[in-house]
Structure formats: C-alpha cells, structure tokens
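User: I would like to go through this model by asking about its charged pairs, its nonpolar packing and its helices, with the reasoning spelled out each time.

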Amino acid sequence: MQFKTVILVLHVLSGTLGSSAALWAMVDLKNIENGSAKRVSNACMAEFVLTLLSLLAGGLYYVLFYQDEKQIILNGPSPIAHTFFMEVKEHVFFILLLLSLYLFVITRHLHAAIDVQKIRLIKITLMAIFTLGFLMIGFGEFIDAGVKSGMSKFNN
C-alpha cells in the first residue's frame, strides 16, 4: 500500500471515528446520573484526539499530495469539487477543531452532579461536532469524485 493511501485512510478513518465518539458521548450523556460521566469524558477525549489525528493526517496529505489532485480537479469536468467543497471543508474543519477542543475542556472533569445548563451545552456541542464531522465525510466524497472524474477525462 502506498504512503499516500495510508495517510488518506488515516485522515478519513480518524475523522469518522471522532464523529462517532461524539455520538457515543451523546448516548452516554443521557445516563449521566447513572455513572456514565467518566465514559462521556473519555469519549470526548477520544473525539478530540481523533480530530487532531485527522487534522495531522489531512494536513500531511494536503501538503504532500493534494496539489497534483487539485490541478486534476480544476482541469476536469467537476472543478466545483475544489472551488466549493474543498474550500468549505478546509474552513469548516477549523470550527470543528475549536468545538472539539472546547468539548474536551468542559468535559475533562465531568461528574454526575452537574447542572442542566451545562449538560444542554455539552449536548449542543456534541450534536454540532457529529453533524459537522459527517458533513466533512460527505464533502470528502465529492472531492474524491472530482479527482476520479478528472482522471477519467485525462485517461480517455
């Protein structure tokens, strides 16, 4: 397997698992009074670490490999894959990263006896992370389709 493929798979997998960890925390947050506070805290920490890993792998891929793919996309039949989907993905990801850091900080020492407002804030943050994370996955699919359609244009 090529290094390029390993980095891309690591980027997608860590991002997907990070978003899934947010879903795990949302489910466990419903039982916060029944001893799930530690699991919620651990899930939020996992989400943060996986988001950082996705950032590192995606950044490495972008620096080492994406410039060639960008040209393929822009010269292919679907330049919107870069001009919209990649541009939006790059910017929205930073919102996701900040939300992830915020969530990690506010749940680091979580315990069952917390107020309702804090739980509500955690739920909203988790839902935003989950939604944005899977939006990133969808946008990544559009970018991949742009590369594939551009390559098929050059191979014909």
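User: With which residue does Arg39 form a salt bridge?

Analyst: The model is a predicted one, and the pair is read from its side-chain atoms. The closest N and O atoms are 3.0 Å apart, which is inside the 4 Å limit for a salt bridge. The pair links distant parts of the chain, with Arg39 in helix α2 and its partner in helix α1, eleven residues apart. The partner of Arg39 is Asp28.

User: Is Asp28 buried or exposed?

Analyst: Buried means under 20% relative accessible area, and Arg39, at 39%, counts as partly exposed. Asp28 has a relative accessibility of 10% and therefore falls under that cut-off, so the class of Asp28 is buried.

User: How many salt bridges does a search of the whole structure find, and which one links Lys4?

Analyst: The side chain of Lys4, in helix α1, meets that of a residue in helix α2 that lies 65 residues apart from it, at 3.2 Å from N to O. Lys4 is partly exposed at 29%, whereas its partner counts as buried at 11%. The search finds three salt bridges, and the one that links Lys4 is with Glu69.

User: How many residues apart are Asp144 and Lys148 in helix α4?

Analyst: Asp144 and Lys148 form a salt bridge, with the closest N and O atoms 3.1 Å apart. Asp144 is partly exposed at 31%, while Lys148 counts as exposed at 53%. An α-helix has 3.6 residues a turn, so residues three or four places apart point the same way. The two positions are about one turn of the helix apart, and the spacing is four residues.

User: Which elements give two or more residues to the largest nonpolar core?

Analyst: The largest nonpolar core has 23 residues, and Leu29, Ile32, Val40, Leu110, Ile122 and Leu126 are those with the most contacts inside it. Beyond its neighbours within four places in sequence, Leu126 is in contact with residues including Ala22, Cys44 and Leu103. The elements that give two or more residues to this core are α1, α2, α3 and α4.

User: Where is the kink in α3 centred?

Analyst: Helix α3 has 28 residues and reaches 38 Å from its first C-alpha to its last, close to the 40 Å expected at 1.5 Å a residue. That span is accompanied by a kink of about 25° in α3, and the residue on which the kink is centred is Met86.

Key:
Residues are numbered from 1 along each chain as its sequence is written. This is a predicted model: local features need pLDDT of at least 70, side-chain atom pairs count only at pLDDT 80 or more; totals for chains, interfaces and linings use all residues. Side-chain values use heavy atoms; hydrogens and water are left out. A nonpolar core is a set of buried Ala, Val, Leu, Ile, Met, Phe, Trp, Tyr and Cys residues joined through side-chain atoms within 4.5 Å. Buried means under 20% relative accessible area, exposed over 50%, partly exposed in between (1.4 Å probe, protein chains only). Contact means heavy atoms within 4.5 Å. The expected span of a helix is 1.5 Å times one less than its number of residues. The bend at a residue is the angle between axes fitted to the seven residues ending there and the seven starting there.
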